[in-house]
Amino acid sequence: MRHAYTVEQVRSAESELMAKLPDGTLMQRAATGLAVAIGNFLGGTYGARVVLLIGSGDNGGDALYAGARLARRGAHVTAILLSPKAHEPGIAALRSAGGRSVTSAGDISGEIYDDIVSELAGADVVVDGIVGIGGRPGLRPDALAAVRVAEQYGVPIVAVDTPSGVDVDSGETPEPHVNAALTVTFGTHKICHLVDPAASACGPVHLVDIGLDLPPALVQSLQAADVRALYPVPHGESDKYSRGVVGLMVGSTEYPGAAVIATAGALGGPVGMVRYVGPDAVAAAVREAHPEVVGAGRVQAWTIGSGLGEELDVPRIRELLDADEPVVLDADGLKALDDSGDHVDVLATPHAGELARLLGVDRSTVEAERLKHARMAAERYDVTVLLKGATTVIASPDGEVRVNTNATPWLATAGAGDVLAGLCGSLLAAGLTPLDAAALGAYLHASAATLASANGPITATTVAQSLPEATRRLIT
Ligand SMILES: NC(=O)C1=CN([C@@H]2O[C@H](COP(=O)(O)OP(=O)(O)OC[C@H]3O[C@@H](n4cnc5c(N)ncnc54)[C@H](O)[C@@H]3O)[C@@H](O)[C@H]2O)[C@@H](O)CC1
Ligand SMILES: [K+]
């Protein structure tokens, strides 16, 4: 499991550890890991041109000490000091290692000296040591100007700890910020490394161990080993009923394909049996595509809503929401959700537009503040919310969060959500909690898409067809 913490949690773990160690130990550990990561990123240090952007805090200190190490290994290192308060011992270390430091014009208009522009333009890498976990969102004018020059000349930026300008605790990016080609973080992941839009600004995230000791985090992200541990693998005593039976109330005469595709998703999950309940013509189409599907009967969980369109039966859906069996509520089915009942065994799977409607806000607001709105809906409706997107955010009513980051952009295709809804219903029916079903469902769905895509276009049908193979590779 990958754990992501708030700034306050990180600071308290850091100060506990710092109290036990000689002064400066943590910064040296961070700087060593950072220098190694930058060297690997460059594919070699000797002769490389490295420009450091240095703000007023310890984030700049990390960058300066890493710069000193790179300079000792033959890199040409220049630090651009964006603040008169930049880390003095770090500057001294860089200078004694053969690097140099220059001050930016520090002009609030965002003007920077011409020689700084040419330094940035000719760099092999720019290191963002402007701010880390102590930073407020946004970049000051001279920092922004320097970052823009790097972007204009296509120079990759390696962010120290966090890309400067992002909101570390929420993953929001309300102001201009660094877009990194690599982020090197220390001790643990922070929320901005997992939650979009900030997560996308991090690029790949490399974690350097500095010895922090932290309790389990509220925000976590499943890794391959967690998939193996969570997946309900059948055993010698299992039969088709004990493996779980999922009922699907999805698709309509208007959208029969949604039923066929969601069923494929459910069949690609762990259940022993899939039941379809819907209009005769749609049921016939489902059975033609999937002869193993049976009709109404006892189920351990439902998937309701994908492609119901006008055939939405709100009273019937509310009956099922109030019954004992857990429910995945998708797409049109979300219209049946009200905020009065006890729905802790419901997993709602909205995209940003649907979540915006549930909360009475604009879609763009949800997109900008994904974690906040997923949590808000989980609390208001007392359901687990899986907010779909490039990174999936899952919030449970008790405050736990899972983030899924392994999707391929090719997964943004019609019907992909139906596959996910069917798969999550299958996982619920096999006995997983809504939070685990959502996290595992999002991971497997993304893995199947990656396998099917091989960096090319995919359809929802091929994603569903790839679920068994993607699962096999993960659990064996
Ligand atoms: N605390 C620790 O034990 C460790 C900290 N480390 C590094 O220290 C960083 C945190 O250092 P600090 O607490 O000094 O904070 P930062 O270096 O993140 O910067 C905070 C300073 O920047 C200024 N600032 C805030 N927002 C700004 C903005 N948008 N634009 C420009 N300036 C802004 C503030 O005046 C503040 O003093 C971590 O991110 C990490 O890189 C590492 O060395 C590992 C150990
Ligand atoms: K930074």
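Two strands are taken to pair if DSSP finds at least two bridges between them. By that criterion, strand β10 (residues 219-221) and strand β18 (residues 401-404) are joined by 2 bridges and run parallel. The model described here is predicted. In it, 11 strands form an open sheet of mixed pairing, 25 residues surround ligand 1, and a UniProt domain annotation from an unreviewed entry covers residues 223-474.

**The sheet**

- The strand order is β8-β1-β10-β18-β17-β16-β15-β14-β13-β11-β12.
- The edges are occupied by β8 (189-190) and β12 (273-276); each has a single partner strand, so one side of each is left without a neighbour in the sheet.
- Helix α11 (residues 314-322) packs on this sheet, where it touches β13 (301-304), β14 (327-330) and β15 (346-349). The direction of α11 makes about 150° with that of β13.
- At the edge strand β8, the pairing with β1 is in the parallel sense and runs over 2 bridges. Here Ala4 has His189 of β8 as its bridge partner.
- Strand β1 (residues 2-5) is also joined to β10, by 3 bridges, and these two strands run antiparallel. In this pairing, Arg2 is matched with Ser221 of β10.
- In the parallel pairing of β10 with β18, the bridge partner of Val219 is Val401 in β18.

**Surroundings of ligand 1**

- Among the 25 residues around ligand 1, the closest are Gly57, Asp58, Asn59, Gly132 and Gly134.
- The elements that contribute two or more residues to this shell are α1 (7-18), α2 (25-42) and α3.
- Helix α3 gives the most, with 4 residues.
- By class, the shell comprises 10 nonpolar, 9 polar and 6 charged residues.

**Packing of α3 with α4**

- Helix α3 (residues 58-72) packs with helix α4 (residues 88-96) at an angle of about 10°, and their axes are 8 Å apart.
- Angles under 35 degrees count as roughly parallel, and α3 and α4 are therefore roughly parallel to each other.
- On the α3 side, the contact involves Gly60, Gly61, Leu64, Tyr65, Gly67, Ala68 and Ala71. These meet Gly90, Ile91, Ala93 and Leu94 in α4.
- This contact has 7 nonpolar and 4 polar residues, and no charged residues.

**Annotated domain and the packing of α16 with α17**

- The UniProt annotation for residues 223-474 reads "domain: YjeF C-terminal" and comes from an unreviewed entry.
- The end C-alpha atoms of this span lie 10 Å apart, and the span is 45% helix and 13% strand.
- The axes of helix α16 (residues 434-453) and helix α17 (residues 460-475) come within 7 Å and cross at roughly 105°. The two helices are therefore roughly perpendicular to each other.
- From α16, the contact is made by Leu444, His445, Ser447, Ala448, Ala449, Leu451 and Ala452. From α17, the contributing residues are Thr462, Val463, Ser466, Leu467, Glu469, Ala470, Thr471 and Leu474.
- By class, the contact of α16 with α17 has 9 nonpolar, 5 polar and 1 charged residues.

**Annotated binding site**

- Under "binding site", UniProt (unreviewed entry) lists Lys388, Gly389, Ala390, Thr391, Thr392 and Gly417.
- These positions span 30 residues in sequence, yet no two of their C-alpha atoms are more than 13.7 Å apart, so they gather at one spot.
- Lys388 is located in the loop between β16 (384-387) and β17 (392-395).

Methods: Residues are numbered from 1 along each chain as its sequence is written. Chains are lettered from A and ligands numbered from 1 in the order in which they are written. This is a predicted model: local features need pLDDT of at least 70, side-chain atom pairs count only at pLDDT 80 or more; totals for chains, interfaces and linings use all residues. Axes are lines fitted to C-alpha atoms, for helices over the stretch in contact, and angles run from 0 to 180 degrees between N-to-C directions. Angles under 35 degrees count as roughly parallel, over 145 as roughly antiparallel, 65 to 115 as roughly perpendicular and the rest as oblique. Two residues are in contact if their C-beta atoms, placed from the backbone, lie within 7 Å. Ala, Val, Leu, Ile, Met, Phe, Trp, Tyr, Cys and Pro count as nonpolar, Asp, Glu, Lys and Arg as charged, and the others, Gly among them, as polar. A residue is near a molecule or strand if its C-beta atom, placed from the backbone, lies within 6 Å of it. UniProt positions are given in the numbering used here, feature names are shortened, and annotations may be inferred rather than shown by experiment.
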